[in-house]
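Reader: I am new to reading protein models, and I would like to ask how each description of this one is justified. Could you take me through them with care?

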Amino acid sequence: MALGLGVRAAPFTYAAHALAVAAAAMVLVWAIQFRGGLAIEATNKNLIFNVHPVLMLIGYIIIGGEAIMVYRVLPTTNHDTTKLIHLILHGIALVLGAVGIYFAFKNHNESGIANLYSLHSWIGIGTIALYGIQWIIGFVTFFFPGAAPNVKKGVLPWHILFGLFVYILALANAELGFLEKLTFLESSGLDKYGTEAFLVNFTALVVVLFGASVVVAAIAPVRLEEPQGYAPIPEN
């Protein structure tokens, strides 16, 4: 799906790649340097929780964004190959997102913290469920066993629209997650104007810019076409 935005997708894909690297580095610095590291099992349950934002951002948001952009990043690649890459990347994003949610539950359960009490958690569960439904419908319709061509043609616009809706919902929930965690930390004594607080806020800003770049890249055309009936202005 490409809208008449008057801009090409390529610059936004480049921006998204750069922002993805920045966001991944920033969340790793936060989790490892400021929050003490990552752990699957630990007496310090905060280390278990730290896996959650890392997997949700790098696995769910970034890899999911790259999956959305793949048709713009590889416009000349064989369509079946691009479709397979799109499917695999979304599958990886879905699995890592589900594992990331598991670690949030694991941290809460082992720390005696209630589950599913916040808007962030409600939207998170809803989003991962919608993401899974979207992936399954896409797999069955476009990959295997595959629907009839006329069905594919009818489903495709809705597949794109619903996919972007779910992705924007995931982005919004990521911002809620940053806000919620930083609010908890600041209420526990973290300096509101300290280095860690600024790092978290700037990471969230980079994620907003990354998400915006992904969405624009998805709806912008690979190449610009002159409008029908357009004629260049003569030089003389």
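Author: Let us begin with charge: the protein carries 11 positive and 12 negative side chains, and the centres of the two sets lie 7 Å apart. Please keep in mind that the model is a predicted one.

Reader: What makes a side chain count as positive or negative here?

Author: Lys and Arg count as positive and Asp and Glu as negative, so the 11 positive side chains are Lys or Arg and the 12 negative ones are Asp or Glu.

Reader: How do you know which kinds of secondary structure the protein has?

Author: The assignment gives 7 helices and 0 strands, and from the N terminus on the elements run α-α-α-α-α-α-α.

Reader: Why are residues 12–34 called a transmembrane region?

Author: That name comes from an unreviewed UniProt entry, whose annotation covers residues 12–34 and also, among others, residues 86–105. Such annotations may be inferred rather than shown by experiment, so the name should be taken as the record's own. In the model, residues 12–34 are 100% helix, with end C-alpha atoms 31 Å apart, while residues 86–105 are likewise 100% helix, with end C-alpha atoms 29 Å apart.

Reader: What makes a residue count as buried, and how many percent of the residues are buried?

Author: Buried means under 20% relative accessible area, and 42% of the 236 residues in the protein are buried, so that share of the residues falls under the 20% cut-off.

Key: Residues numbered from 1 in each chain as written. Predicted model: local features only at pLDDT ≥ 70, side-chain atom pairs only at ≥ 80, totals over all residues. Heavy atoms only, no water. Helix = DSSP H or I, 4+ residues; strand = E, 2+ residues; numbered from the N terminus. Buried < 20%, exposed > 50% of the residue type's maximum accessible area, 1.4 Å probe, protein only. Charge placed at Lys NZ, Arg CZ, Asp CG, Glu CD.
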